[in-house]
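Biologist: Can you walk me through this one? I'd like to start with the ligand and then look at a few odd spots.

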Amino acid sequence: FEPLISDFYNYESLLSEQEKEAIMALRNYLDSEVRPIVGGYWNRAEFPTEIVRPLAELGQFSYAWDETRPFENSAVFRGFLAFELARVDASVATFVGVQNGLSCGSISVCGSPEQRAEWLPRLASGEIIGSFGLTEPQSGSDSAQGLRTTARRDGDNWVLNGAKRWIGNATFADITVIWAKDVADNQVKGFIVPTSTPGYTASKIEGKVSLRAVQNADITLEDVVVPESLRLANANSFKDTASVLRLTRAEVAWAAVGVAAGAYEAAVAYSKERMQFGKPIGAHQLVQDMLAKSLGNITASLGMVVRVSEMLDRGEQRDEHSALAKAFTTARMRETVAWCRELFGGNGIVIDYDIARFFADAEALYSYEGTREMNTLIVGRSITGQAAFV
Ligand code: FAD
């Protein structure tokens, strides 16, 4: 097992031997099969669907769930999986985050035992693709109260109407977990909606400058009928949605450290080969300063996410813990990718050098799964006892 240069304090040594083997298998696959192709897919704004089955075989959609996990494992291990994915490509990490954290996570946290048994193995094997529809054209940060999509009970069915925006994987997903307000009690509920249902349409959002390989969609729901058996049995209010987001925000915090690590590793390599003033740029003091500051950000952030995951395993993790990690590590990531890009000079703005992709992709991680401001307000409520959202 080889420690990474970006894992300066060797946090990965905390993992069990079995977990380290699984990390190495993922790392080898990403290095040989994914790293060489992702730049091209990013450029074309396409997603490499050929990686879905191999990622499933490597357990990327299985490890967290009782119904599918191949062996007992820790939340720190699962965090390192997100880190390893993101240090190669943030779009791939985001795809896994949507399939595993948001789609499987909603069903695991909010589904009945029957719903979990039916859907989790199919998602875990990659047989079907999932997406997660919470955000709307008019409701992003305020989705706890501002959702306009409605669900109306009609006998044994529910009728959904509304629109969703930014939904990852939704152009090719088989199911979308749709969050909608029940018109009877005004509470947010969740529904597993097969994307072939009449009245459901998804259209790709074009022109993104960040996470170009992730396929995000605008969804419209016009009198979409789903049976009561597809209503998530334990999703009774936005608090239940927030329970899913607590888990996925911690994963995004890990992915943000991975993006910073990927940028740093690229910058270290470049600083050793690029010559200016008769020596490698890495021999200049100011360049070493930026590398050391980047490594400090990554190392401090890794300590934070390791602890947040340990708290999950100990049953101690609360919303404000994962919110602080997400807000903090994405901010440190943004700073780090900017320093690393700077070290590439002009080459830092062309896609031929991977650093430009890390730099651009960091912006989406900074804003999705709750902006820095929203996660800060979750922490602020915990500090002061005062909710300052509205
Ligand atoms: P807004 O809510 O309009 O916020 C705009 C700005 O105002 C932000 O800076 C925000 O912090 C600030 N702001 C708002 N309210 C306050 C306040 N009270 N105090 C201080 N500042 C405030 N959503 C899904 O449901 N499923 C997905 O799969 C998904 N994938 C995504 C993928 C990408 C690439 C992106 C970009 C987004 C994705 N999202 C997804 C949506 C994402 O979660 C939202 O973009 C995010 O929550 C912010 O919402 P918004 O874009 O509507 O911004």
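Modeller: We'll take the ligand shell, then one helix, then two backbone angles. This is a predicted model: local features need pLDDT of at least 70, side-chain atom pairs count only at pLDDT 80 or more, and totals for chains, interfaces and linings use all residues. Residues are numbered from 1 along each chain as its sequence is written.

Biologist: How many residues surround the ligand?

Modeller: 22 residues do, each with its C-beta atom, placed from the backbone, within 6 Å of the ligand. Among the closest are Gly140 and Glu373.

Biologist: Which element gives the most to that shell?

Modeller: Strand β3, with three residues. Strands here are DSSP E runs of at least two residues, helices are H or I runs of at least four, and both are numbered from the N terminus.

Biologist: New topic. Is helix α3 buried or exposed?

Modeller: 14 of its 14 residues are buried, so α3 is largely enclosed by the rest of the structure. Buried means 20 or more other C-beta atoms within 10 Å of a residue's own, exposed means 12 or fewer, and partly exposed is in between; C-beta atoms are placed from the backbone.

Biologist: And the odd angles? What is phi of Trp166?

Modeller: Near 80°, a positive value in a residue other than glycine. Most residues other than glycine have a negative phi. Trp166 lies in β3 and is buried, with 21 other C-beta atoms within 10 Å.

Biologist: Where does Phe277 lie?

Modeller: In the loop between β8 and β9. Its phi is near 55°, also positive. Phe277 is exposed, with 8 other C-beta atoms within 10 Å.
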